[in-house]
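Visitor: Hi, I've just opened this one up at my desk. Could you walk me through it in plain words?
Guide: Happy to, here it is.

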Amino acid sequence: MFASLKRNFIPLSILFFLISCTSYAQEKPVRLVEDKQKKRTIIYIQNDTDTDKSVFLKVNPTGYRKSAQRPIIKNIPAKSKVQILILIPLTDVESHYTYNLVVNEELETIDVKHSKSLKKKDSI
């Protein structure tokens with residue numbers, strides 16, 4: 001009985017290892033997709049989940065015509081692909097970019113109430 005268990009231990013442990021590795025290697029449900037065209041690069045966010053997601057995207061471009069350094073916060077509907085940004089490269093300059101993508105469960109609305117606390121003083 002123990003001899004057959006020892007013989008099956010190695011194949012079973014290899015099978016368990018392969019199953020656990022493939023579960024960690026799954027593709028991210030919300031990801032950045034780039035569409036490189038002749039004179040522009042279009043950046044999309046694709047949501048493959050069944051729920052809406054909120055994303056925060058910060059692009060750090062180098063060699064592009066339009067400044068894209070402002071962060072973008074957007075709600076991405078479930079099972080959809082949303083265009084986020086268009087980058088137009090400069091001619092005769094090497095263009096590349098880096099990005100930070102943060103995915104949250106839902107978009108939080110921040111309610112800011114402005115009050116005028118500064119009053120003009122009467123000038124004499």
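Guide: One term before we start: a residue counts as exposed when its relative accessible area is over 50%, as buried when that value is under 20%, and as partly exposed in between. By that rule, lysine 79 and aspartate 50 are both exposed. Keep in mind that this is a predicted model.

Visitor: Thanks. What do the side chains of lysine 79 and aspartate 50 do together?
Guide: They form a salt bridge, with 3.5 Å from N to O. Lysine 79 sits in the loop between β4 and β5, while aspartate 50 belongs to the loop between β2 and β3, so the pair ties together parts that are 29 residues apart in sequence.

Visitor: And how exposed is lysine 79?
Guide: Its relative accessibility is 57%, and because the cut-off for exposed is over 50%, lysine 79 counts as exposed.

Visitor: What about the backbone there, anything to note about the phi of lysine 79?
Guide: Yes, phi is positive at about 50°, although lysine 79 is not a glycine. Aspartate 92 also has a positive phi, near 60°, and is likewise a residue other than glycine.

Visitor: Where is aspartate 92, and is it buried or exposed?
Guide: Aspartate 92 is in the loop between β5 and β6. With a relative accessible area of 84%, aspartate 92 is exposed.

Visitor: Back to salt bridges. How many are there in the whole structure?
Guide: A search of the whole structure finds two. One is the lysine 79 and aspartate 50 pair we just discussed. Another joins arginine 31 to aspartate 48, where the closest N and O atoms are 2.5 Å apart. This pair links distant parts of the chain: arginine 31 is in strand β1 and aspartate 48 in the loop between β2 and β3, 17 residues apart.

Visitor: How accessible are arginine 31 and aspartate 48?
Guide: Arginine 31 is partly exposed at 23% relative accessible area. Aspartate 48 is partly exposed too, with 31%.

Visitor: Which other side chain makes a polar contact with the side chain of aspartate 48?
Guide: That would be glutamine 46, at 3.1 Å. Glutamine 46 lies in strand β2, which covers residues 41-47, and is buried, with a relative accessible area of 19%. The limit for buried is under 20%, so that value falls on the buried side.

Visitor: What does glutamine 46 touch, beyond its sequence neighbours?
Guide: Leaving out residues up to four places away in sequence, glutamine 46 touches Pro29, Val30, Arg31, Val33, Ser80 and Lys81.

Visitor: Val33 caught my eye. Where does valine 33 sit?
Guide: Valine 33 is in strand β1, residues 30-36. Apart from neighbours within four places in sequence, its contacts are Ile42, Ile43, Tyr44, Gln46 and Lys81.

Visitor: Anything else in β1 worth a look?
Guide: Try aspartate 35, which is also in strand β1. Aspartate 35 is partly exposed, with a relative accessible area of 28%. The side chain of aspartate 35 makes a polar contact with the side chain of glutamine 37 at 3.2 Å. Setting aside neighbours within four places in sequence, aspartate 35 is in contact with Arg40, Thr41, Ile42 and Tyr44.

Visitor: Okay, zooming out. What sheet does β1 belong to?
Guide: An open, antiparallel sheet of three strands in the order β1-β2-β5. β1 and β5 are the edge strands, each pairing on one side only. On average, neighbouring strands in this sheet are turned by 25° against each other, direction ignored.

Visitor: How many bridges join β2 to β5?
Guide: Seven, with the two strands running antiparallel. As an example, isoleucine 45 stands opposite valine 82 in β5.

Visitor: And what order do the strands β4, β3 and β6 take in their sheet?
Guide: The order is β4-β3-β6, in an open sheet with antiparallel pairing. β4 (72-76) and β6 (96-104) are at the edges with a single partner strand each, so one side of each has no neighbour in the sheet. Here too, neighbouring strands are turned by 25° against each other on average, direction ignored.

Visitor: How do β3 and β4 pair?
Guide: Strand β3, residues 53-62, pairs with β4 in the antiparallel sense over five bridges. If you want a pair to click on, phenylalanine 56 has isoleucine 73 in β4 as its bridge partner.

Technical notes: Residues numbered from 1 in each chain as written. Predicted model: local features only at pLDDT ≥ 70, side-chain atom pairs only at ≥ 80, totals over all residues. Heavy atoms only, no water. Helix = DSSP H or I, 4+ residues; strand = E, 2+ residues; numbered from the N terminus. Contact = heavy atoms within 4.5 Å. Pairing = 2+ DSSP bridges. Axes fitted to C-alpha atoms, helices over the stretch in contact; angles between N-to-C directions. Buried < 20%, exposed > 50% of the residue type's maximum accessible area, 1.4 Å probe, protein only. Polar contact = N/O pair within 3.5 Å; in protein donor to acceptor, adjacent residues only side chain to side chain. Salt bridge = Lys/Arg side-chain N within 4 Å of Asp/Glu carboxyl O.
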